[in-house]
Amino acid sequence: MRELQQLKEEILKEYPRMNEDDEFTFACHPGVPCFNKCCADINIFLTPYDVIRLKNRLGITSAEFLSKYTISPFDKNLPYPVILLKMQDNEKKSCHFVGDKGCGVYEDRPWACRMYPLGMASPAEGNPHVTEEFFFLLQEPMCKGFNEDRKLKVSDWLTDQGIHDYNEIGELFKDITLHKFFTDGHKLTPDKIEMFFTVCYNTDSFRSFVFKSSFTKKFVVADDVLEKIKTDDVELLKFGYQWLRFACFAEDTMVIREEVAEDKKKELKMRQKLPKDE
Ligand code: SF4
Ligand code: SF4
């Protein structure tokens, strides 16, 4: 994790910055001598939307996906939980999804796999090196794609790789991870960390929490929203982000039922009347 932090610093300070109109030379296809070599022994961070696409692609629950295909590194310096794609326990440490013909989950491959060789940096409060979004080239030594005779714009690559499908939901995740709460240096409590993990990565478990706990007795959730999030994972994730904003950042994004709010007020009054412990 520390190495990644160093790389991040290096990128922000030293890598040439590109915008969508800038060009680069690159192609990746089964004919390149390095075909599939990059799908091993690599750190691939998964976004919440990646998890949804992959678990649905594989037809398994989010809990199964998380336990079989991901690792969640513990690092006390990380402000919120992250997950990485787990590599196989073989000599090459290959990705579980790579085969002779390439990526076995190609249509639903993670955002990071689509983006390579491009990286993207976003403005984050408190980081003086990033004031606006920019792209940069990550040139891995083993990658021969840069020797191919194909010049293209950054914007062409993004379209080619289906990155635009990830934008809307990706922006909502960024609004959470780059939230002032984190950039001001606040930390989540252990129970909030768990909640963050459940909302972002364990979609099925979050759905059970919404529908099988007293959640809907405490909060007002419109019928059409409830109907959508019953089956639609992406809508559930968007709803989950609203919930995180309320629960973690104390934002006004959920409506507490009147009777619950009244009970809380009474409880508070009672407490104020009780003699204070010495
Ligand atoms: S998900 Fe696909 S593209 Fe990404 S590392 Fe695995 S095999 Fe390669
Ligand atoms: S190393 Fe580069 S060119 Fe080779 S398969 Fe991976 S991305 Fe494509």
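**A walk from Lys93 to a helix crossing**

Let's start at Lys93, which counts as exposed because it has 12 C-beta neighbours inside 10 Å. The cut-offs behind that word: 12 or fewer other C-beta atoms within 10 Å of a residue's own make it exposed, 20 or more make it buried, and anything in between is partly exposed, with C-beta atoms placed from the backbone. Before going on, note that this is a predicted model, where local features need pLDDT of at least 70 and side-chain atom pairs count only at pLDDT 80 or more, while totals for chains, interfaces and linings use all residues. Residues are numbered from 1 along each chain as its sequence is written, and chains are lettered from A and ligands numbered from 1 in the order in which they are written.

Back to Lys93: its phi is near 55°, a positive value in a residue other than glycine. Lys93 sits in the loop between strand 4 (83–85) and strand 5 (98–99). Helices and strands here are DSSP runs numbered from the N terminus, with H or I over at least four residues for a helix and E over at least two for a strand.

Asn36 also has a positive phi without being a glycine, near 80°. Its loop runs between strand 1 (23–25) and strand 2 (45–46), and Asn36 counts as partly exposed because 17 other C-beta atoms lie within 10 Å.

Asn36 leads us to ligand 2, since it is one of the residues around that ligand, along with others including Cys28, Cys34, Cys38, Tyr116 and Cys143. To belong to such a shell, a residue needs its C-beta atom, placed from the backbone, within 6 Å of the ligand. The ligand 2 shell splits into eight nonpolar, two polar and two charged residues. In this scheme Ala, Val, Leu, Ile, Met, Phe, Trp, Tyr, Cys and Pro are nonpolar, Asp, Glu, Lys and Arg are charged, and the others, Gly among them, are polar. Tyr116 is also joined to Pro117 by a cis peptide bond, with omega about 15°. Pro117 itself lies in the loop between helix 4 (111–115) and strand 7 (118–121).

Which residues are around ligand 1? They are Cys39, Ile44, Cys95, Phe97, Val98, Cys103, Val105, Arg109, Pro110 and Cys113. That shell has nine nonpolar residues, no polar ones and one charged.

Now for some helices. Helix 2 (residues 48–58) is mostly covered, with eight of its 11 residues buried; among them are Asp50, Arg53 and Lys55. After helix 2 comes Gly59, with a positive phi near 70°.

Further along, the axes of helix 9 (residues 203–212) and helix 12 (residues 233–249) come within 10 Å and cross at roughly 65°. That makes helix 9 roughly perpendicular to helix 12, a label used for angles of 65 to 115 degrees. The axes are lines fitted to C-alpha atoms over the stretch in contact, and angles run from 0 to 180 degrees between N-to-C directions. At the crossing, Thr203, Phe206 and Arg207 of helix 9 meet Asp233, Leu236, Leu237 and Gly240 of helix 12, where contact asks for C-beta atoms, placed from the backbone, within 7 Å. These contact residues divide into three nonpolar, two polar and two charged.

Finally, the whole chain. It has 13 helices and 11 strands, and 17% of its 278 residues count as buried. Its C-alpha atoms fill a box of roughly 75 × 45 × 35 Å along the principal axes.

Key. Angles under 35 degrees count as roughly parallel, over 145 as roughly antiparallel, 65 to 115 as roughly perpendicular and the rest as oblique. Two residues are in contact if their C-beta atoms, placed from the backbone, lie within 7 Å.
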